[in-house]
Amino acid sequence: VESSIPEHMREAWKKFSPKGFTTKDEFESEAVKHIETTLARSLFNCDELAAYSGTALAFRDRLIIDWNKTQQRQSFADQKRLYYLSLEFLMGRALDNAMLNVGLKNVAKDGLADLGFRIEDIIAQEHDAALGNGGLGRLAACFLDSMATLNYAAWGYGLRYRYGIFKQEIQDGYQVEIPDYWLDFNPWEFPRHDVSVDVQFYGWVNKYTNDEGKQIVSWQDGEIVTATAYDVPVPGYGTPTVNNLRLWSSKASSGEFDFAKFNSGEYESAVADEQRAETISAVLYPNDNLERGKELRLKQQYFWCAASLHDIVRRFKKSKRKWSEFSDQVAIQLNDTHPTLAIVELQRILVDMEGLGWDEAWTIVTSTFGYTNHTVLPEALEKWSVPLIQNLLPRHLQIIYEINLQFLQSVEKRFPKDRDLLGRVSIIEESQPKMVRMAYLAIIGSHKVNGVAELHSDLIKTTIFKDFVKVYGPDKFTNVTNGITPRRWLHQANPRLSELIASKIGSYEFLKDLTLLNKLEPFVDDKEFKKEWAEIKYANKVRLAQHIQTTKGYSVNPKALFDIQVKRIHEYKRQQLNIFGVIHRYMAIKSMSPEERKKLVPRVSVFGGKAAPGYWMAKTIIHLINKVGEVVNKDPDVGDLLKVVFLEDYNVSKAEIIVPASDISEHISTAGTEASGTSNMKFVLNGGMIIGTLDGANIEITREIGEQNIFLFGNLSEDVEDLRHHHFYGDYKVNPELVKVFDCIKKGTFGDEGAFGALISGIVEHGDYYLVSDDFNSYCQTQDLIDEAYKDQDAWVTKSITSVARMGFFTSDRCINEYADTIWNIEPLDVAEEKEVRART
Ligand code: HBZ
């Protein structure tokens with residue numbers, strides 16, 4: 001490459017290239033240098049935010065040295081790379097994670113103490129990187145951590161939203177959304193103004209035959225928006241690998257056309273163009289499991305897919321290989337259907353720009369992509385209207401039609417008598433207007449399709465994608481059960497537990513091989529160990545109680561049973577079932593004598609989670625939870641026996657405080673609706689029990705930890721359809737205990753009874769789609785069992801330890817290795833040599 005330093009001058013370069021700090025003094029020197037020079041502050045003017053900034057910049061320097069080396073190593077090795085395309089990366093905070101991953105947290109702790117700061121206060125200064133909604137976005141972040149830790153050459157590609165998921169406030173019991181502007185100071189990104197891609201929108205398609213008689217297709221005019229790369233280093237744990245997350249930011253193109261506009265006096269309209277361009281990457285859509293077909297969302301999707309694909313192709317072309325080798329060098333994973341246009345874009349690049357034949361190109365495309373489905377909910381399956389795509393991406397629509405035509409012809413050949421089948425599997429839905437079914441396009445354009453837990457992967461094969469199993473056979477569809485990174489969700493969030501585990505099994509190796517946790521089982525009867533285990537849980541509950549005290553202004557008793565449900569608010573996740581159960585409990589307490597009350601197990605019911613701003617029913621559920629809290633928490637009959645807490649603005653950094661503090665957490669979706677769930681894994685890994693339905697990964701968690709260690713209830717997925725049918729056509733009656741709860745609400749016990757009318761009538765009059773009434777008895781009975789079980793603390797701790805010991809399967813490392821072996825066909829890079837060099841210096 002012509003930009004590299006000539007061989008004979010490299011000595012000087014090597015002599016001065018930075019090595020990165022390793023000692024406390026070196027850390028302090030780096031941090032102070034950054035505070036005084038980069039930030040222009042002094043020791044008379046250094047608050048916690050400045051100390052955070054200096055510390056973050058010092059660690060950033062360290063990461064980027066390893067980042068550079070990793071990228072060189074990976075280019076040199078010239079192996080196949082994986083690209084993970086996700087519209088969401090819910091990264092949370094970076095500093096604590098970086099310190100732990102490079103193994104220098106203690107160095108920083110001592111250094112910061114020297115400089116007059118407590119490390120926890122410094123870590124807490126950081127704004128979460130909240131570029132995601134929930135499970136899907138956090139999964140992408142856990143995957144990046146695992147891919148780096150396992151030394152895979154893997155990049156993430158996403159959008160650099162100016163506004164992440166909104167901040168949630170509760171005012172008068174209602175959710176209020178505040179914009180999350182997070183980029184004021186972000187030391188974790190490197191703008192790459194030299195890495196940009198021009199992305200085209202609108203315009204028209206010109207087809208003609210050139211002088212040599214070749215068909216030429218060109219997409220002309222329209223508008224150009226420039227994508228600029230921002231790179232975020234992703235450090236692996238205990239390894240020199242630092243991978244890259246590349247986020248694209250949109251800017252008006254600086255092409256001649258636009259300069260002309262500025263110069264010719266159209267200043268205002270040129271500025272307006274510029275703002276319109278910047279709007280593309282301005283804001284994360286705050287819906288989870290809902291698609292609303294907005295044009296700006298489609299623009300985001302194409303902008304990001306096009307920029308990423310051109311970047312990937314550019315890198316491939318540098319290798320001077322033949323196109324037929326593309327999928328030996330490149331694997332691309334689609335995180336849900338959001339990046340499906342990448343399939344169409346690669347076909348367009350190969351056919352229109354590189355001149356390959358259609359079939360040759362299509363073979364390359366389909367052997368490159370894999371598609372992960374995250375939901376069976378019909379309202380979440382993406383469809384885009386044909387007229388919308390026609391206008392925004394005219395050439396892509398033609399390609400989609402051509403893909404569909406070829407696919408349908410092949411289906412017709414194999415199933416000549418099945419005309420209905422053609423309509424059912426067509427990418428185009430024959431509605432008014434016609435719609436493009438993105439999941440079908442993703443299936444047809446990929447070589448593998450996977451669900452995210454066993455039940456879910458079975459369900460997609462037997463329901464929404466049934467016809468594609470018929471067409472392709474079952475082998476195209478597979479399961480990769482989700483996982484979580486134990487680095488963030490155990491070591492970082494629960495350092496004391498991590499340390500205790502390490503002391504028992506002899507090292508921190510379990511953080512890299514989570515199956516080693518099984519070495520804990522022999523200690524389940526070790527009295528001293530159990531005591532420490534219980535003390536750590538208690539300390540974590542005290543920490544959460546302090547958080548509740550400072551944020552909500554009231555105290556909860558850390559000796560009470562902490563019952564926690566934190567996740568996005570959604571009817572299918574059934575926070576309403578939980579709060580109805582709480583009301584049921586409240587009514588029971590009210591009707592008891594003081595003696596009876598003495599026998600009860602005190603409970604703190606904690607809720608947290610955001611509702612999509614336009615999801616009115618979810619907002620009503622939040623409102624009810626808050627109103628119940630207002631009444632219950634100040635009722636003198638109740639006292640410590642029941643407290644109801646709604647924690648505002650649930651996010652990754654709050655999860656790190658909440659997850660280690662549960663006795664019980666709730667994963668109670670209607671069976672068959674939650675694809676996997678991942679917080680269920682986090683809670684169990686931190687020694688909490690769970691109450692759950694036979695849904696998503698709860699089923700596999702049960703298989704691993706044992707039925708005696710989980711509280712299961714409710715109807716099975718296979719019975720849900722019949723029950724729903726029965727609600728409409730049978731003699732459907734609402735559960736009488738639930739009716740009493742509704743009467744209590746309707747009496748105005750929790751204020752304005754009208755406010756909750758729709759929540760109740762959805763169940764009583766409109767068919768109870770999520771089976772709240774059907775599962776209510778079983779839910780309440782199981783909660784009673786939990787109270788009983790909690791009274792025997794010794795047995796409880798045994799369950800807790802046993803469960804943790806059996807959670808090895810749920811690491812995202814296992815999950816990434818499965819993707820690598822069965823879908824991506826990639827191998828980790830050997831970093832032994834690098835590790836050795838480092839150990840010597
Ligand atoms: O993906 C979640 C599933 O609900 C959960 O069961 C699973 O564990 C997790 C990881 O596989 N899905 C989401 O979080 N989905 C979204 O957040 C979403 C966001 C934007 C959309 C659609 C879905 O347009």
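How do the residues of the shell around the ligand divide into nonpolar, polar and charged? I looked this up first. I found six nonpolar, nine polar and five charged. Here Ala, Val, Leu, Ile, Met, Phe, Trp, Tyr, Cys and Pro count as nonpolar, Asp, Glu, Lys and Arg as charged, and the others, Gly among them, as polar.

Ground rules for my entries. The model is predicted: local features need pLDDT of at least 70, side-chain atom pairs count only at pLDDT 80 or more, and totals for chains, interfaces and linings use all residues. Residues are numbered from 1 along each chain as its sequence is written, and side-chain values use heavy atoms, with hydrogens and water left out.

Ligand shell. I listed 20 residues around the ligand (a heavy atom within 4 Å of it). Glu291, His374, Asn482, Glu674 and Gly677 come nearest. Helix H7 (residues 135-149) gives the largest share, three residues. Helices are DSSP runs of H or I, at least four residues, and strands are runs of E, at least two, numbered from the N terminus.

Domains. Domain 1 (78-93 + 128-479) and domain 2 (488-810) both contribute to the shell, so the ligand lies between them. The bounds come from an automatic or database domain assignment.

Polar contacts (N or O pairs within 3.5 Å). I checked side-chain atoms against ligand oxygen atoms. His374 has a polar atom 2.7 Å from one. For Asn482 the distance is 2.8 Å, and for His338 it is 3.4 Å. The protein covers 96% of the 530 Å² of accessible area that the ligand has on its own (Shrake-Rupley, 1.4 Å probe).

Backbone. I noted a cis peptide bond between Gln432 and Pro433, with omega about 0°. Pro433 sits in the loop between strand S15 (428-429) and strand S16 (435-437).

Definitions and conventions. A polar contact is a pair of N or O atoms within 3.5 Å; within protein, one must be able to donate a hydrogen and the other to accept it, and residues adjacent in sequence count only if both atoms are side-chain atoms.
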